[in-house]
Amino acid sequence: MIVSPFARRAYVASTQFDHTSILRLIEWRWDLDPLTVRDAAANNIAEELDFNPKGKKCKGADGLIEEGKEVMDEFEEDTLDAGLIGAAQKVEHYEIAAYGTVAAYAGILGFTDDQNTLHAILDEEKNTDRTLTDLAEKLVNKDAVRAA
Ligand SMILES: [Fe+2]
C-alpha cells in the first residue's frame, strides 16, 4: 500500500514494492548508483505514483548535497573525513525527520503495517547516525584535531 499525496486514487497495481523501492526511486531520481544489490533489483515505486519526480527537485536534499561538495572542496585528509561524517549525519537527520513524519501520518491514517515498516526504516536511519557519531567521536575527530 502506498501512502502518499502522489498515490493514484482507486488504483491497484500488482507490482511488489517494499522499502527498498523507495531507495530505488531516490537512486533513480538523483542518478545515483545503487547502494546494495537488493535495492538495485527493487521495483522503482515512482512507476506507480501520479507525478513526475524528475520534474521536482528536493531543495533540502540538494542543499545537503551542495554542503557535502563544499566540504570536499575545503578540507583534506583527516579533516575531510570529519567533515564528510558531519555532512552524512545531516543527511541522516533529514531522513529521520522525513521517515518520522511519514510514519506518524501512516499511524494517523490507520496504516499500521506501513507505520511499522516506516518505523523499522527510521530505526535503521537512527542506527546509522549513531554509528557515524561513534566513528567521529572515537577516531575521526581526534585525527582531525591533530591534523588541523
Ligand atoms: Fe540514511
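What follows is a walk through the fold, packing and backbone of this predicted model.

Start with confidence, since everything else rests on a prediction. The average pLDDT of the protein is 90, and 97% of the residues reach at least 70. By element, helix α5 (residues 112-147) comes out highest at 95, while α1 sits lowest with a mean of 88.

On the overall layout, the protein is helical, with five helices and zero strands, so the order from the N terminus reads simply α-α-α-α-α. The C-alpha trace spans about 60 × 30 × 25 Å along its principal axes. The domain assignment splits the chain into domain 1 (1-56) and domain 2 (58-147), and their C-alpha centres are 21 Å apart. Burial is counted for 14% of the 148 residues. Turning to contacts between residues at least 6 apart in sequence, 59% of these link residues at least 24 apart.

The N-terminal part comes next. Helix α1 covers residues 19-29, and its buried residues are Thr-20, Ser-21, Ile-22, Leu-23, Arg-24 and Leu-25. That buried set includes Arg-24 along with Thr-20 and Ser-21, and its packing partner is α2 (37-41). Just after α1 comes Asp-31, with a positive phi near 50°.

Moving on to the helices further along, α3 (residues 59-74) and α4 have axes that approach within 9 Å and cross at roughly 175°. An angle over 145 degrees counts as roughly antiparallel, so that label applies to α3 and α4. On the α3 side, the contact is made by Gly-60, Leu-64, Glu-67, Gly-68, Val-71 and Met-72. From α4 come Leu-80, Gly-83, Leu-84, Ala-87, Lys-90, Val-91 and Tyr-94. Charged residues thus appear in the contact lists, among them Glu-67 of α3 and Lys-90 of α4.

As for nonpolar cores, the largest has six residues: Tyr-99, Ala-103, Ala-106, Leu-118, Ile-121 and Leu-122. Two or more of these come from each of α4 (77-108) and α5. A second core, separate from this one, has five residues, including Ile-22, Leu-23, Leu-25 and Ala-42. Back in the largest core, Leu-122 touches Ile-96, Tyr-99, Gly-100 and Ala-103 once its neighbours within four places in sequence are set aside. Of those partners, Tyr-99 and Ala-103 are also listed as members of the core.

Further along α5 sits Glu-137. This residue counts as exposed because only 11 C-beta neighbours fall inside 10 Å, and the cut-off for exposure is 12 or fewer. Glu-137 is also 9.5 Å from Ala-82, C-alpha to C-alpha, with their positions 55 residues apart in sequence.

Finally, a few words on the backbone. Most residues other than glycine have a negative phi. Ala-10 departs from that pattern, with a positive phi near 50°. This alanine belongs to the segment before α1 and is exposed, given 4 other C-beta atoms within 10 Å. Glu-77 is another non-glycine residue with a positive phi, at about 45°. Glu-77 is part of helix α4, and a count of 10 C-beta neighbours inside 10 Å makes this residue exposed too.

Methods
Residues are numbered from 1 along each chain as its sequence is written. This is a predicted model: local features need pLDDT of at least 70, side-chain atom pairs count only at pLDDT 80 or more; totals for chains, interfaces and linings use all residues. Domain bounds come from an automatic or database domain assignment. A residue is buried if 20 or more other C-beta atoms lie within 10 Å of its own, exposed if 12 or fewer, and partly exposed in between; C-beta atoms are placed from the backbone. Two residues are in contact if their C-beta atoms, placed from the backbone, lie within 7 Å. pLDDT is the predictor's confidence in each residue, from 0 to 100. A nonpolar core is a set of buried Ala, Val, Leu, Ile, Met, Phe, Trp, Tyr and Cys residues joined through C-beta atoms within 7 Å. Axes are lines fitted to C-alpha atoms, for helices over the stretch in contact, and angles run from 0 to 180 degrees between N-to-C directions. Angles under 35 degrees count as roughly parallel, over 145 as roughly antiparallel, 65 to 115 as roughly perpendicular and the rest as oblique.
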